[in-house]
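Here is a walk through one protein structure, taken a piece at a time. Keep the 3D view open and follow along as we go.

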Amino acid sequence: MDFKRAISDFPNKTIAVIGDIMLDSYLYGNCDRLSPEAPVPIIRKDSLIHELGGAANVAANISSLGGKAYLLGYYALDEAGKILTNKLNEKNIDYRLFPVLNETTHKTRIIGNKKQQICRIDEEERANASQDIEEKLVEEIFALNPDIIIASDYAKGTLSANLFLEMKAKARRKDKRIIVDPRPQNKLNYNNVFLITPNTKEGIEMSNGRNAEEIGKILQKELNSNILLTRGEEGMTLFEKEKIYHLPTKAREVYDVTGAGDSVVAAVALSLASGLNLEKSSFLANHVAGIVVGKPGTATASRRELEQALEIEYSKIKNYDELKLIREDCKRKGKRFVWTNGCFDLLHLGHVRYLNEASKLGDYLAVGINSDCSVKALKGMNRPINSEVDRAEVLSSLGQVDGVYIFPELSVEKYLSELQPDVFVKGGDYNLNSINQNERRIIEGYGGKIALIPITQGKSTSNLIERIKNSS
């Protein structure tokens with residue numbers, strides 16, 4: 001699998017992260033009454049936790065995923081700056097920070113009763129470094145010879161127009177790709193970079209587009225760059241040349257979106273550096289974002305968590321939403337989607353031969369299996385022998401089967417109508433006149449093909465059950 005190989009290569013890749021660096025702090029406490037002095041909650045302090053924020057969180061995500069991060073930017077020789085560098089050392093992140101600020105950018109969030117954010121206190125100073133310092137910063141980037149450069153722009157002044165111009169010019173000469181996590185006010189700095197990753201709000205401000213496709217197409221044309229639009233609960237949309245890829249969210253539960261954009265650029269950069277194309281890199285980044293938003297605060301995803309997410313993704317037992325997305329993907333890529341269905345109780349040689357022939361008729365073989373209730377309705381109260389979960393898992397172990405779906409209906413008319421498989425496969429004990437005629441009309445109505453595969457004589461579940469009864 002390309003993804004497994006790429007993830008295993010993350011530790012061999014170096015990503016340079018330049019941008020606005022900050023410290024994120026979380027003061028947690030209990031809140032059960034209002035102050036008598038003003039209508040504000042009283043927080044009894046419980047704990048104070050410090051995390052890396054801004055460009056530093058991008059570097060933390062790279063490190064957590066197993067890559068080598070090198071962080072470049074500005075800070076101050078203050079208490080927040082000291083905590084910041086200690087956190088970088090703890091996470092084994094290399095850095096080259098110039099102490100040109102009077103105060104390190106520091107955001108403190110007050111959290112009541114474990115999850116309710118009550119307010120945020122910001123301490124910050126806009127960077128205004130000299131041209132000499134900016135030139136040194138750019139020199140440091142390319143002295144590292146990184147695989148990818150990430151520009152993490154929080155509009156705090158680190159990524160000035162002049163710094164961007166020099167960095168882009170040098171990147172072209174050195175054949176280095178730049179990924180930008182943008183801010184709308186600095187839009188004109190980003191033209192001709194490899195990839196820009198706005199969220200929906202930023203995308204609307206940058207393009208005046210009204211929907212995802214308008215936003216992506218406008219920005220792609222104006223900035224001459226690929227666009228990866230992050231859309232929260234709606235997932236992500238990639239605009240690459242003339243192609244558009246919609247990636248549904250992988251988050252099971254959204255707990256906190258803080259830092260999700262940082263995780264996306266980190267994962268895309270490592271994936272590209274490890275040889276994946278932009279579509280596959282975005283796919284991995286979508287999984288990483290799904291992990292991160294399920295955690296509180298400024299969180300990261302580990303390489304093991306990503307591997308586990310992919311294991312779930314590639315489980316062959318699908319729900320219906322997943323199956324529909326697979327069907328759409330096959331259409332988009334011009335691949336043939338094949339559907340067959342049955343009880344598949346007591347898997348035997350006849351089943352295996354049948355599925356092997358069915359798989360040859362297209363690129364993706366989806367096998368629908370009757371739920372336990374529908375098998376009882378079709379075969380009697382003594383069936384099935386094996387539960388629907390057991391039957392699905394056994395079928396999933398067959399290499400020729402790509403996906404398994406458990407359905408409760410007695411007929412598959414709904415699935416044929418909605419999925420519109422290129423090929424609908426039935427056993428050779430049927431003919432065009434003996435199959436369900438409603439199913440036949442659906443297939444023929446949209447121009448699909450019905451394939452009849454000869455059965456293996458003497459091999460059936462009923463025969464097996466009889467032999468077992470007779471031998472007992």
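**A guided tour**

Let's start with one small residue: Gly 368 has 0% relative accessibility, so it counts as buried. Bear in mind as you look that this is a predicted model. Gly 368 sits in strand S15, which covers residues 364-370. What does Gly 368 touch, leaving aside residues up to four places away in sequence? Its contacts are Trp 339, Thr 340, Asn 341, Gly 342, Phe 344, Tyr 405 and Phe 407. To get a feel for distance here, find Arg 383, which is 15 residues from Gly 368 along the chain: their C-alpha atoms are 17 Å apart.

Now zoom out to the sheet around that residue. S15 belongs to an open sheet of five strands, ordered S16-S15-S14-S17-S18, and the pairing is parallel. At the edges you'll find S16 (403-407) and S18 (449-453), each pairing on one side only. Going from one strand to the next, the twist averages 25°. Over at the S18 end, strand S17 (residues 423-427) runs parallel to S18, and five bridges join the two. If you want one pair to pick out, Phe 424 has Ile 450 in S18 as its bridge partner.

There's another sheet to visit. This one is an open sheet of nine strands, in the order S5-S4-S1-S8-S9-S10-S11-S12-S13, and its pairing is mixed. Strand S5 (94-98) and strand S13 (243-247) are at the edges with a single partner strand each, so one side of each has no neighbour in the sheet. Helix H3 (residues 79-90) packs on this sheet, where it touches S4 and S5, and its direction makes about 160° with that of S5. Helix H4 (residues 131-143) lies across S1, S4, S5 and S8, and runs at about 175° to S4.

Look next at strand S1, residues 14-19. Is it enclosed or open? Five of its six residues are buried, so S1 is largely enclosed by the rest of the structure. S1 pairs in the parallel sense with strand S4 (residues 68-74) over five bridges, and in the parallel sense with strand S8 (residues 148-152), also over five bridges. Ile 18 makes a handy landmark: it stands opposite Leu 72 in S4 and opposite Ala 151 in S8.

Where does the mixed character show up? Try strand S11 (residues 226-230) and strand S12 (residues 236-240), which pair in the antiparallel sense over four bridges. Here Ile 227 stands opposite Phe 239 in S12.

Between strand S9 (178-181) and strand S10 (195-196) there is a loop, and Lys 187 is in it. Is Lys 187 buried or exposed? Its relative accessible area is 16%, so it is buried. Setting aside residues up to four places away in sequence, Lys 187 touches Met 206, Leu 219, Glu 222 and Leu 223.

Last stop: the cysteines. How many disulfides does a search of the whole structure find? It finds zero. Take Cys 31, whose sulfur is 11 Å from the closest cysteine sulfur, the one in Cys 119, so that is too far for a bond. For Cys 373, the closest cysteine sulfur is in Cys 343, and 13 Å is too far for a bond as well. Cys 373 is exposed, because its relative accessible area is 63%.

Note on methods
Residues numbered from 1 in each chain as written. Predicted model: local features only at pLDDT ≥ 70, side-chain atom pairs only at ≥ 80, totals over all residues. Heavy atoms only, no water. Buried < 20%, exposed > 50% of the residue type's maximum accessible area, 1.4 Å probe, protein only. Contact = heavy atoms within 4.5 Å. Pairing = 2+ DSSP bridges. Axes fitted to C-alpha atoms, helices over the stretch in contact; angles between N-to-C directions. Disulfide = S-S within 2.5 Å.
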